[in-house]
Amino acid sequence: MKKGLVPARIWGLLASEADRVVLFRRGPSRWTRVYLWDTATDTLSPGSWFHGRLYEWMSDLSPDGEHLLYHAQNESKRQQALAMERYGVRMWDWTALSKPPQVHAIGLWNASDGWSGGGAFRDSRTIQVNHTDLTKQQLIRPPGFEVLHPTGTLRVDTFRVVLKRTGWHVAHQPRRWIGMGEADPFTLRKKSLELNFISDQRYHRFVRYRWLAEGPSPDLEGATWADLDRRGRLLIARAGRVFIWRGGQEAELADLNADQPPRPAQPA
């Protein structure tokens with residue numbers, strides 16, 4: 001990576017019943033690329049570039065790893081004109097269902113009301129979306145899926161649901177979500193791996209990881225994402241690179257920093 005360039009930010013979603021991981025690679029800030037990682041063969045397949053914002057903490061990968069439910073935003077006039085042409089609605093914020101590593105929508109819900117957006121899988125063919133008016137907001141009904149809205153007025157807590165399904169448990173919950181900083185993080189653990197989810201006074205959210213086991217420790221300094229796969233290997237994203245750590249040894253799988261978005265921008 002060239003000196004002075006900001007490394008890509010990477011977040012991952014694990015499938016709970018398959019050897020699959022979806023990676024969101026963000027950078028520049030308004031661009032994200034999706035990758036599908038087969039952890040049985042360690043094959044990384046690049047997919048769609050998305051121009052806008054994909055909210056990885058409000059997205060989910062189906063237990064079988066076949067479908068991605070994601071929350072997206074693109075406020076450009078071009079995108080809004082396309083939405084009006086295709087669906088007859090004003091839309092700059094939406095939830096979509098796709099087959100990773102592509103983001104092409106096979107299910108679509110308008111989330112431009114300032115409240116809706118995101119969701120989680122109940123199982124590989126049942127999804128719960130943060131939309132209370134499915135009749136109005138559903139623009140594409142995904143074939144073969146049952147679509148549920150939240151119970152009552154409660155939103156699906158996507159971040160917690162997704163991590164719990166893949167083996168994480170809550171070790172500490174702060175008195176409130178926003179503004180507690182590193183002194184009182186939302187803490188989750190998965191075997192020897194600890195995740196601290198932090199929100200500061202300026203509403204910036206970020207993560208820090210710790211390794212709790214004795215003996216050799218992986219390099220988690222600056223990690224933007226880490227998790228344990230179904231074989232117990234530690235997967236790490238750090239400084240735009242993806243690593244596998246096992247038995248005290250770290251191996252680099254891929255450097256995603258050189259991957260750059262298409263020019264000119266393609267419509268989402």
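This is a short tour of one predicted model, stop by stop, with something to select at each.

Before you click, note that residues are numbered from 1 along each chain as its sequence is written, and that side-chain values use heavy atoms, with hydrogens and water left out. Because this is a predicted model, local features need pLDDT of at least 70 and side-chain atom pairs count only at pLDDT 80 or more, while totals for chains, interfaces and linings use all residues.

**Stop 1: aromatic pairs**

A search of the whole structure turns up eight aromatic pairs. Here rings of Phe, Tyr and Trp (its six-membered ring) pair if their centres lie within 6.5 Å; planes under 30 degrees apart are stacked, over 60 edge-to-face, and the rest tilted. Select Trp-31 and Trp-49: this edge-to-face pair has 6.1 Å centre to centre and 85 degrees between the planes. Trp-31 sits in strand E3 (residues 31-38) and Trp-49 in strand E4 (residues 43-51), 18 residues apart. Strands (E, at least two residues) and helices (H or I, at least four) are DSSP runs, numbered from the N terminus. Trp-31 is buried at 4% relative accessibility, and Trp-49 is buried at 18%. The scale is relative accessible area: buried is under 20%, exposed over 50%, and partly exposed in between (1.4 Å probe, protein chains only).

Now add Phe-50 and Trp-94, an edge-to-face pair with 5.9 Å between centres and 65 degrees between planes. Phe-50 is in strand E4 and Trp-94 in strand E8 (residues 93-98), so the pair ties together parts 44 residues apart in sequence. Both Phe-50 and Trp-94 are buried. For a group rather than a pair, select Trp-11, Trp-57, Phe-159 and Phe-197, which form one aromatic cluster.

**Stop 2: a four-strand sheet**

Colour E18 to E21 next: they make an open sheet in the order E18-E19-E20-E21, with antiparallel pairing. Two strands pair if DSSP finds at least two bridges between them. E18 and strand E21 (249-255) are the edge strands, each pairing on one side only.

Which strand is largely enclosed by the rest of the structure? Strand E18 (residues 223-228) is, because five of its six residues are buried. E18 meets strand E19 (residues 234-238) over five antiparallel bridges, and the two form a hairpin with five residues between them. In that turn, look for Gly-232, with a positive phi of about 85 degrees.

Follow Leu-235 across the sheet: in E19 it stands opposite Asp-227, and its bridge partner in E20 is Ile-244. E19 and strand E20 (residues 241-246) also pair over five antiparallel bridges.

**Stop 3: salt bridges**

The count of salt bridges is 18, each a side-chain nitrogen of Lys or Arg within 4 Å of a carboxyl oxygen of Asp or Glu. Pick Arg-230 and Asp-19, whose closest N and O atoms are 3.2 Å apart. Arg-230 lies in the loop between E18 and E19, and Asp-19 in the loop between strand E1 (9-14) and strand E2 (20-26), so this pair ties together parts 211 residues apart in sequence. Arg-230 is partly exposed at 49% relative accessibility, as is Asp-19 at 26%.

Back on the sheet, Arg-241 and Glu-252 meet in a salt bridge (3.7 Å, N to O). Arg-241 is in strand E20 and Glu-252 in strand E21, 11 residues apart. To finish, select Arg-20, Glu-66 and Lys-99, joined into one network by salt bridges that share partners.
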